[in-house]
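Q: I would like a close look at one part of this structure, with the reasoning laid out step by step. Please begin with the sequence and the model.

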Amino acid sequence: MKKITSILLAIVTAACTAVSASAAGISTRTTLGRLKSVTTDNEVSVLSKSVSISKTLDIANGELLAIPSGKTLFLKSGANIDGDIYVENGGKIIFSDGEVTINGSLVSDGTVTIKSAASALVYGNIYVSSQGTLSIGSDEKVAVSESGKIVCMGKTNSKLLDIATKPIAAVLKSTDIAGRAIKTEAMTDNFESVIPDPNKYYAESETPTGGVTSTLYMFFDNGVCISAGKIGSQANSENYSSICGVSVRNAKIAINALFDTV
């Protein structure tokens with residue numbers, strides 16, 4: 001609680017500075033809609049080239065930003081993430097300075113870096129897959145609220161106990177088209193077989209038929225639980241379409257649509 005309070009104080013101080021700048025007619029914030037390096041396809045914003053942003057980036061609730069392989073988003077003044085971000089394997093997001101507030105979700109198969117000059121307050125989710133890397137410059141400047149979750153299945157240099165790294169069990173729940181549960185399966189002894197594999201994300205534009213969907217609930221040794229969703233599980237039993245509420249499926253479709261035509 002003490003660490004969260006100190007980070008909140010820093011955020012309030014920065015907000016006061018931003019108000020002063022605003023009063024002087026200087027804009028200190030920006031949005032996805034204002035970025036020339038972002039292309040929107042089917043309600044997904046895709047970073048079309050690497051970019052460095054000096055202003056605080058606001059990602060609104062309902063917005064999804066996809067960072068493709070080979071592209072880097074470099075944020076010099078922090079961010080307020082109420083929506084979602086997906087980082088593809090080979091992509092990077094770097095928070096170099098400023099305050100970062102995550103109310104939505106950040107899902108990464110690539111690299112997430114929070115440098116020592118930046119501070120982060122996590123109310124939502126950060127999920128780094130087995131292909132990804134989470135680098136934190138200063139553990140003392142990262143705070144996770146009671147509702148926040150950080151899971152890193154890949155590499156990390158952080159010693160934060162808030163970061164979940166070891167899954168211990170899983171439950172797979174299937175529902176019909178009306179949302180009624182039709183099957184639950186505990187994976188306590190075989191949960192590793194159902195952990196979402198970044199190489200098997202379902203990313204087809206057409207939804208499979210069948211009407212059955214499944215949700216995997218993964219439990220970790222520090223008490224954290226996250227979920228990953230499937231669609232049309234009867235036809236695609238190994239393929240997940242979303243993690244922590246982030247539609248990896250839609251992000252992949254948008255990335256492919258943008259770069260397959262280049």
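Which side chain meets that of arginine 180 in a salt bridge, and what are the details of the salt bridges found in a search of the whole structure?

A: The model is a predicted one, and what follows should be read with that in mind. The side chain of arginine 180 meets that of aspartate 176 in a salt bridge, with a distance of 3.2 Å from N to O. Arginine 180 is itself exposed, because its relative accessible area is 54% and the cut-off for exposed is over 50%.

A search of the whole structure finds three salt bridges, among them the pair of arginine 180 and aspartate 176. Another is formed by arginine 29 and aspartate 58, whose closest N and O atoms are 2.8 Å apart. Since arginine 29 belongs to strand E1 (residues 29-31) and aspartate 58 to strand E5 (residues 56-59), this pair ties together parts that are 29 residues apart in sequence. Arginine 29 has a relative accessible area of 33%, and is therefore partly exposed.

Lysine 252 and glutamate 88 also form a salt bridge, and here the closest N and O atoms are 3.3 Å apart. This pair links distant parts of the chain, 164 residues apart, with lysine 252 in helix H2 (residues 248-259) and glutamate 88 in the loop between strand E9 (84-87) and strand E10 (92-95). Lysine 252 counts as buried because its relative accessibility is 16%, and glutamate 88 is likewise buried, with a relative accessible area of 12%; the cut-off that applies to each is under 20%.

Helix H2 also helps to place cysteine 244, which is found in the loop between strand E25 (242-243) and H2. Although cysteine 244 is not a glycine, it has a positive phi of about 55°. With a relative accessibility of 11%, cysteine 244 counts as buried.

Turning from charged pairs to the nonpolar surface, Ile168, Tyr217 and Phe219 make a nonpolar surface patch of about 250 Å². Of these residues, tyrosine 217 is found in strand E23 (residues 213-220), and its relative accessibility of 31% means that it counts as partly exposed. That value also fits its place in the patch, because patches are made of residues with over 30% relative accessible area and no salt bridge.

To return to the salt bridge asked about, arginine 180 is exposed at a relative accessible area of 54%, whereas lysine 252, in the bridge with glutamate 88, counts as buried at 16% relative accessibility.

Technical notes: Residues numbered from 1 in each chain as written. Predicted model: local features only at pLDDT ≥ 70, side-chain atom pairs only at ≥ 80, totals over all residues. Heavy atoms only, no water. Patch = residues over 30% accessible without salt bridge, like charges linked within 9 Å, V, L, I, M, F, W, Y side chains within 5 Å. Areas by Shrake-Rupley, 256 points an atom, 1.4 Å probe, with all protein chains shown as cover. Salt bridge = Lys/Arg side-chain N within 4 Å of Asp/Glu carboxyl O. Helix = DSSP H or I, 4+ residues; strand = E, 2+ residues; numbered from the N terminus. Buried < 20%, exposed > 50% of the residue type's maximum accessible area, 1.4 Å probe, protein only.
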